[in-house]
Amino acid sequence: MLVCLILVPNQSVSASTLSDIPQTYEKEINYLIGKNIVTGYADGEFKPNQLVTRQEAATMIGKALKLDGAKPRQTVFSDVKPDSYASGYIQAANDKKIINGYADGTFGPTKNMTRLEMAYLITSAFKLNASNDVSFKDMPSNSNAAKAISAVTGAGVTNGYENGTFRPNNSITRLEFAIMLARALNPDYRIEPVKPSEPKPTEPTQPSEPEDSNETVKPSEPSEGTTMYVTTASLNVRSGPGTSYSKVGSLTKGNEVTTYEKTGDWVYMTSGKVSGYIHTSYISSQKPSLTKVIAIDPGHGGHDPGAVGNGLYEKNLTLGVALHLRDYLNNAGIKVVMTRSTDKFIALEDRVTIAENAGADTFVSLHMNAASSSASGTETYYTTSGTATRAESSKALAEFIQERLVDAIGSKDRGEKTANYKVIYKNPLPSVLVEMGFISNKEEANYINNHQKETAYAIYLGIQDYYKWQGK
Ligand SMILES: [Zn+2]
């Protein structure tokens, strides 16, 4: 119903009587209304911030170019109904090669038109040529896209936003669409092409409320970008402020981004050739350290020997393996925080504090199991407590270490298990507790005692698998 109202001319409505047109753009809107290309809504509003669908865009451009499209008809697109109001204009525009569908043969009539699509549309409809010296902070790397943006900005149809961005993936609003179309049709309305390096705003920046008609459109947010850094291994960039918007790129930890206005928990940003919206939880003004820092926690120590069996102390085996593990990790450029590197007692909660204070990103606790003399095998514990990300990382780390250990020492695979051991449960880091083998089993205890280096190397490989999986 609303769709029809946009397009059905309402003779009684002109821009001066529409309540929500910014005065700055009254002449452009009046011009389009006079030509029956756009119209207001029956409630007396123009609704400048409403988004434009692709079928609405095709209809408006078709009317502007006086294409033969008023009558609905069959189109070449599988998703355009022959009796839909826009079908005639969609096919007419396609015949003139002004508008394209998607590679799969669809047109996406109800999808919102992006600003980049509008640039293509205006460029082909009005046969504009690309200007050489136009560039935006978020200029797409695709050369056709860059050409279309250079063409519309070089012709004075638009010059993007005050902060030197074009926001190609943003959906276009009715007001933006109307202004660009009016300027394309009538050169009197065109603006002086301004280089983005000395930006002068001509793009209305989405006022959140209807403007008083005596006021001009105010930019809604600061124009200067802020430098921030990505703090997570992989961060999706989206076409709008929410996870329902399509992914337009991705960033990795440490990437520098320039952020502009916020929408809820999302922010529009540019980073190199990538631009779009990212969630604000994963950026920080401080550059994150790219160095991997792992906490290695040899179980027990000092007056606490841990399990004792076959003449061996758990506290000595865990420390022996841990010291070799530290060397392997250090040699690979991974920073290691030892919760202890000598035979001393450390309380469980202090082990977590040591790791946290040293900036560790991951926590691995080493232990030996004990039961009857016949029990044998390797098992690795994690917990599902804490955030979903921590739980997922802990589980992956457990799987990687378990697999490498079982392969290396040929022990029975008792699997990854969940248990709320204090050092991994009350711990904000992805963490695991490895029971390397049974100290109560003579063969297994002796094997690990005599192969501390090999055991350490297997755990080291598991940790490397984990960092690779994380994308670090
Ligand atoms: Zn233990």
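Lys 417 counts as partly exposed, at 28% relative accessibility, and in this predicted model its side chain takes part in a salt bridge with Glu 379, where the closest N and O atoms are 2.8 Å apart. The pair links distant parts of the chain, since Glu 379 lies in strand β13 and Lys 417 in strand β14, 38 residues apart. Glu 379 also forms a salt bridge with Arg 414, and here the closest N and O atoms are 2.7 Å apart. Because Glu 379 belongs to strand β13 and Arg 414 to strand β14, this second pair ties together parts that are 35 residues apart in sequence. The acidic residue is buried, Glu 379 having a relative accessible area of 4%, whereas Arg 414 counts as partly exposed at 28% relative accessibility.

Another salt bridge brings together the side chains of Lys 47 and Asp 43, at 3.0 Å from N to O. In this pair Lys 47 is buried, with a relative accessible area of 19%; a residue counts as buried under 20%. Its partner Asp 43 counts as partly exposed, at 49% relative accessibility. Salt bridges that share partners join Asp 43, Glu 45 and Lys 47 into one network. A search of the whole structure finds 15 salt bridges, and the three pairs described above are set out below.

| Salt bridge | N to O distance |
|---|---|
| Glu 379 and Arg 414 | 2.7 Å |
| Glu 379 and Lys 417 | 2.8 Å |
| Lys 47 and Asp 43 | 3.0 Å |

**The six-stranded sheet**

Strands β13 and β14 are neighbours in an open sheet of six strands, whose order is β11-β8-β12-β15-β13-β14 and whose pairing is mixed. At its edges are β11 (335-338) and β14 (413-418), each of which pairs on one side only. Averaged over the sheet, and with direction ignored, neighbouring strands are turned by 20° against each other. On the other side of β13 from β14 in this order comes β15; three bridges join β13 (residues 378-382) to β15 (residues 431-438), and the two strands run antiparallel. Within this part of the sheet, Thr 380 stands opposite Val 434 in β15.

**Nonpolar cores**

The largest nonpolar core has 57 residues, of which Leu 121, Ile 122, Phe 177 and Leu 181 touch the most other members. Helices α2 (26-34), α3 (54-64), α4 (87-95), α5 (115-125), α6 (143-154) and α7 (174-185) each supply at least two residues of this core, and the largest share, eight residues, comes from α7. If residues up to four places away in sequence are not counted, Leu 121 touches Ala 57, Ile 61, Ile 98, Ile 99, Met 113 and Phe 177. Apart from this core lies another, of 34 residues, among them Ala 322, Met 368, Ile 409 and Ile 439.

**Helix α4 and its surroundings**

One of the helices that supply residues to the largest core is α4. Eight of the nine residues of α4 are buried, so this helix is largely enclosed by the rest of the structure. The buried residues are Ser 87, Gly 88, Tyr 89, Ile 90, Gln 91, Ala 92, Ala 93 and Asn 94, and what covers them includes α3. Just after α4, Lys 97 takes a positive phi of about 60°.

**The chain as a whole, and confidence in the model**

The secondary structure of the chain comes to 13 helices and 15 strands, and 53% of its 472 residues count as buried. Among contacts between residues at least 6 apart in sequence, 71% join residues at least 24 apart.

The mean pLDDT of the chain is 87, and 90% of its residues reach 70 or more. Over residues 1-12, however, pLDDT stays under 50, and for this stretch the model has 23 contacts beyond four places in sequence. Over residues 207-223 the pLDDT is likewise below 50, and this stretch has 24 contacts in the model beyond near neighbours in sequence. Where pLDDT is low, the predicted coordinates should not be read in detail.

Methods:
Residues numbered from 1 in each chain as written. Predicted model: local features only at pLDDT ≥ 70, side-chain atom pairs only at ≥ 80, totals over all residues. Heavy atoms only, no water. Pairing = 2+ DSSP bridges. Helix = DSSP H or I, 4+ residues; strand = E, 2+ residues; numbered from the N terminus. Axes fitted to C-alpha atoms, helices over the stretch in contact; angles between N-to-C directions. Core = buried A, V, L, I, M, F, W, Y, C linked by side-chain atoms within 4.5 Å. Buried < 20%, exposed > 50% of the residue type's maximum accessible area, 1.4 Å probe, protein only. Contact = heavy atoms within 4.5 Å. pLDDT = per-residue confidence, 0-100. Salt bridge = Lys/Arg side-chain N within 4 Å of Asp/Glu carboxyl O.
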